[in-house]
Amino acid sequence: MRFIPLIVARPEVQMAIDEAIMRARIEGRVPDTVRLYVFKPSSVTIGRFQSVKHDVNLEKARELGIPVVRRITGGGSVFHDEYGEITYSVIIGEDYHPALKNIQESYRFLAGPLVDALKDLGLNAEFSGLNDIVVNGKKISGSAQTRRKGVILQHGTFMYSTRLEVLASVLKVSKEKLKDKGVKSIYERVTTVEREGIKLSREEAYELLKNSFFRAFPLEPGELTDYELELAEKLIEERYGNERWNLMK
Amino acid sequence: MKLVGEHKAKKGLIRMEIEEERGIVKNIVISGDFFIYPEDIVEELEKHLVGKKLEKLEAAIEDFFSVRHDVEMPYLNVEDFKIALRKALEEYRWEGS
């Protein structure tokens, strides 16, 4: 199983790489893969079905130079802070483990290393709902997955010191959703490793996650193939770098 | 006129934006932060609903899902789509009413 070391790049590149790996994996050209990455500049990704107008403060994002890119996966909008968030993705065949057949179990199986990493820090981390990880009841990580031809792509966040005031200013979270979670503002709902009292640098957060994934899966360091890079380039042009896709709803 | 309905399902919000002309759907956009597999199903549903009469939409949603056994929606069901639809239609003034 392949591990791709940290890639720091624009959001359309990151989303294109994830899909390219998935396509190459479906075609049997590459092994199951785990990777860690950072969005640069800080970016917003929105779920496959989200409405840009309703779910993102596009004006604020533009003012702050924060690009908005639509994911291939469903779910909600995410702020990826260049200075406080690492994203993971796992591309894996469903037959790797029986837990992967079931959607809820598979989320927990694939995001398990994040919970382990938080526990390594002494934090009281646990899964919540379908796809969240909470520390002391507040969301610190969210994941989204898609499935195609027996292959799962799951990606998600690890917020070690995300600037929550920026997050709150660019994402539109409906009052109904906050009410549903029993909180008044996003600050009561979300946390970071730093807010829980532990300050990590990007390098420390990366090493922590990397070690945790290496414990959970039989990983070997590798790199993207030329085939994947070519696919990714095409996907940037046709999809993730294209307003027709990003602003389609 | 444009009709918008939002419904918070157990997991995720479903929003329906319907553009109608004389009771017929000209365009419909279904958005939200839900999960559904395969994802293309949402665009297929939108296409299925365009051109239908507003009063037939609920039945059309039911028909659409009744023949799609490959669809998986964690924490979401067909009823949630119908509730979002009903909320959108609340704004509509039916003729003669």
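**Notes on a two-chain predicted model**

1. A good place to start is helix H8 (residues 226-240) of chain A, where Glu228(A), Leu231(A), Ala232(A), Leu235(A) and Tyr240(A) are buried. These buried residues of H8(A) pack against four elements of chain A: strand S1 (2-9), helix H1 (11-26), S4 and H9. Please keep in mind as you read on that this is a predicted model.

2. Two of those partners, S4 and H9, come back at the second largest pocket. Its volume is about 210 Å³. The lining counts 14 residues, and those closest to the pocket centre are Pro67(A), Val68(A), Val69(A), Glu243(A) and Asn246(A). Helix H3 (58-63), strand S4 (68-70) and helix H9 (243-246) of chain A each give at least two residues to the lining. Sorted by class, the lining holds seven nonpolar, four charged and three polar residues.

3. Val68(A) deserves a closer look. This residue sits in strand S4 of chain A, and is it buried or exposed? With a relative accessibility of 13%, Val68(A) falls under the 20% limit and so counts as buried. Beyond its neighbours within four places in sequence, Val68(A) touches Val44(A), Ile46(A), Val56(A), Leu58(A), Ala61(A) and Asn246(A). Asn246(A) is also among the residues closest to the pocket centre. By way of contrast in space, Glu94(A) is 26 residues away along the chain, and its C-alpha atom lies 30 Å from that of Val68(A).

4. Elsewhere in chain A, Ser128(A) belongs to strand S7 (residues 125-128). Its relative accessibility is 30%, so Ser128(A) counts as partly exposed. Setting aside neighbours within four places in sequence, Ser128(A) is in contact with Arg108(A) and Val134(A). Arg108(A) is 20 residues from Ser128(A) along the chain, with 9.6 Å between the two C-alpha atoms.

5. The backbone has a few spots you may like to inspect. Most residues other than glycine have a negative phi, and most peptide bonds are trans. In chain A, the bond from Lys40(A) to Pro41(A) is cis, with omega near 0 degrees; Pro41(A) is in the loop between strand S2 (33-39) and strand S3 (43-46). In chain B, the bond from Tyr37(B) to Pro38(B) is cis too, with omega near -10 degrees. Pro38(B) is in the loop that separates strand S3 (24-32) from helix H1 (41-49) of chain B.

6. Positive phi values also turn up outside glycine. Asn136(A) has a phi of about 50 degrees and lies in the loop between strand S8 (132-135) and strand S9 (138-148) of chain A. At 49% relative accessibility, Asn136(A) counts as partly exposed. Arg22(B) likewise has a positive phi of about 50 degrees, in the loop between strand S2 (13-21) and S3 of chain B. With a relative accessible area of 76%, Arg22(B) is exposed.

7. Finally, chain B as a whole. This chain has three helices and three strands, arranged β-β-β-α-α-α from the N terminus. Its radius of gyration is 13 Å, close to the 13 Å given by the globule rule for 97 residues, so chain B is as compact as a globular protein of that length. The C-alpha trace of chain B spans about 40 × 25 × 15 Å along its principal axes. Of the 97 residues in chain B, 51% are buried. Taking contacts in chain B between residues at least 6 apart in sequence, 52% connect residues at least 24 apart. The accessible surface of chain B is about 4900 Å², with 49% belonging to carbon and sulfur atoms.

Terms used
Residues numbered from 1 in each chain as written. Chains lettered and ligands numbered in written order. Predicted model: local features only at pLDDT ≥ 70, side-chain atom pairs only at ≥ 80, totals over all residues. Heavy atoms only, no water. 1 Å grid on protein atoms, 1.4 Å probe; cavity = no way out; pocket = protein on both sides within 12 Å on 5 of 7 lines; lining within 4 Å. Points joined across faces, edges and corners; volume = space filled by probe spheres on them. Nonpolar A, V, L, I, M, F, W, Y, C, P; charged D, E, K, R; others polar. Rg over C-alpha atoms; globule rule 2.2 N^0.38 Å. Buried < 20%, exposed > 50% of the residue type's maximum accessible area, 1.4 Å probe, protein only. Contact = heavy atoms within 4.5 Å. Areas by Shrake-Rupley, 256 points an atom, 1.4 Å probe, with all protein chains shown as cover.
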